[in-house]
Protein chains: 2
Amino acid sequence: MDRIDRKLLNLMQRDASRTNVDMADEVGLSPSSCLRRIRRLRKEGIIDRVVAILNPARSGRVIKALVTVELKLHGEQHMRRFLDLAVAEEAVSQAYAVTGETDVVLVLRLRDMEEYDALCDRLFRDQTNIARFFTMMVIRTAKDETAIAL
Amino acid sequence: MDRIDRKLLNLMQRDASRTNVDMADEVGLSPSSCLRRIRRLRKEGIIDRVVAILNPARSGRVIKALVTVELKLHGEQHMRRFLDLAVAEEAVSQAYAVTGETDVVLVLRLRDMEEYDALCDRLFRDQTNIARFFTMMVIRTAKDETAIAL
DNA sequence: AATCCGTATGCAATAAAATTGCACCGAACT
DNA sequence: AGTTCGGTGCAATTTTATTGCATACGGATT
């Protein structure tokens, strides 16, 4: 993991659709050598995967919301049951069990408020193990990184 | 935007490193036709970009934390000042201005607790406009999707 | 129903890229 | 100095992407 590797990873975190030839040129290696590095990074699992990122605005899921959830019963099985429920929802894009102020934090991507209301019914109101939940609607997204700083 | 487009988008959200030939075969199109669709999806901005996702465990940033921040002064310029500060931090992977319980929510990716402590100094303790902040350490990640359900 | 138009398709030819074998280089170690 | 190992560039080969072209499909219009 040297300077060139880091350079490649930074390139590919920004745009992985470039050709190997192109990137090789930018980092100052021959295409073959560059390709072998990229393959190594993938084989070693440093590059987990390469994916297409869709434009959220074009997908219809334009409303983002954060929800903190407090459970009544905190046992492992209760936590697992709720997380399973949440994870199964398409509108739930992130779900974390956390320490501190609350038990679970969800990140939602919603099409509209109807979807939010219906989701709340399924995840919170119809459940017996929910003590409280607080919703924070996202007003402004200042940063939303898939890239990891090296 | 038909069934085949959606199929392609789902494929590429999971793995965009496959060859066009391969994906064309899976969706039942000729390579040329499939390629033209993918180019159209990119040109229209439905596919925003293609990126490499690194393994967080291999990057050293293994601790995830959520922080809610309450500001003392809520004016636009105060909000902006704090967000600018937060966004500049490498450990801050997401930053949202929100309604409700609090003003700002941050998602942190940390190497260790020292980094957390130092970050708190810079973002919270040294600042005059922070009323309170609550940290929730992530115990379990049940879902963390870059993909958007269509 | 016939026509027209815009768009999508498959095929085949071509261009470009990825992949591999091979010889070589340089650092680390004996 | 000799040896080993990992990485490199070059060139040949294979695979893929790209494009031109003829055709097929669907919708709107006459």
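1. A pocket is an open set of points on a 1 Å grid over the protein atoms alone, where a 1.4 Å probe fits, with protein on both sides within 12 Å along at least five of seven lines. Its lining residues have an atom within 4 Å of a point. The model is predicted: local features need pLDDT of at least 70, side-chain atom pairs count only at pLDDT 80 or more, and totals for chains, interfaces and linings use all residues. Residues are numbered from 1 along each chain as its sequence is written, chains are lettered from A in the order written, and side-chain values use heavy atoms, without hydrogens and water.

2. The largest pocket has a volume (space filled by probe spheres set on the points) of about 610 Å³. It is lined by 32 residues; A:Glu145, A:Thr146, B:Asp144, B:Glu145 and B:Thr146 are the closest to its centre.

3. The second largest pocket holds about 500 Å³. Of its 23 lining residues, A:Ala16, A:Ser17, B:Ala16, B:Ser17 and B:Arg18 are the closest to the centre.

4. Now the DNA. Around strand D there are 13 residues (a heavy atom within 4 Å); A:Ser30, A:Ser33, A:Arg36, A:Arg37 and B:Asn20 come nearest. Of the strand D atoms within 4 Å of the protein, 61% belong to sugar or phosphate and the rest to bases.

5. Which atoms of strand D lie 3.0 Å and 2.6 Å from side chains of A:Arg36 and A:Arg37? For A:Arg36, a polar side-chain atom lies 3.0 Å from a base oxygen. For A:Arg37, a polar side-chain atom lies 2.6 Å from a phosphate oxygen. A polar backbone atom of B:Asn20 is 2.8 Å from a phosphate oxygen of strand D.

Terms used
Polar contact = N/O pair within 3.5 Å; in protein donor to acceptor, adjacent residues only side chain to side chain.
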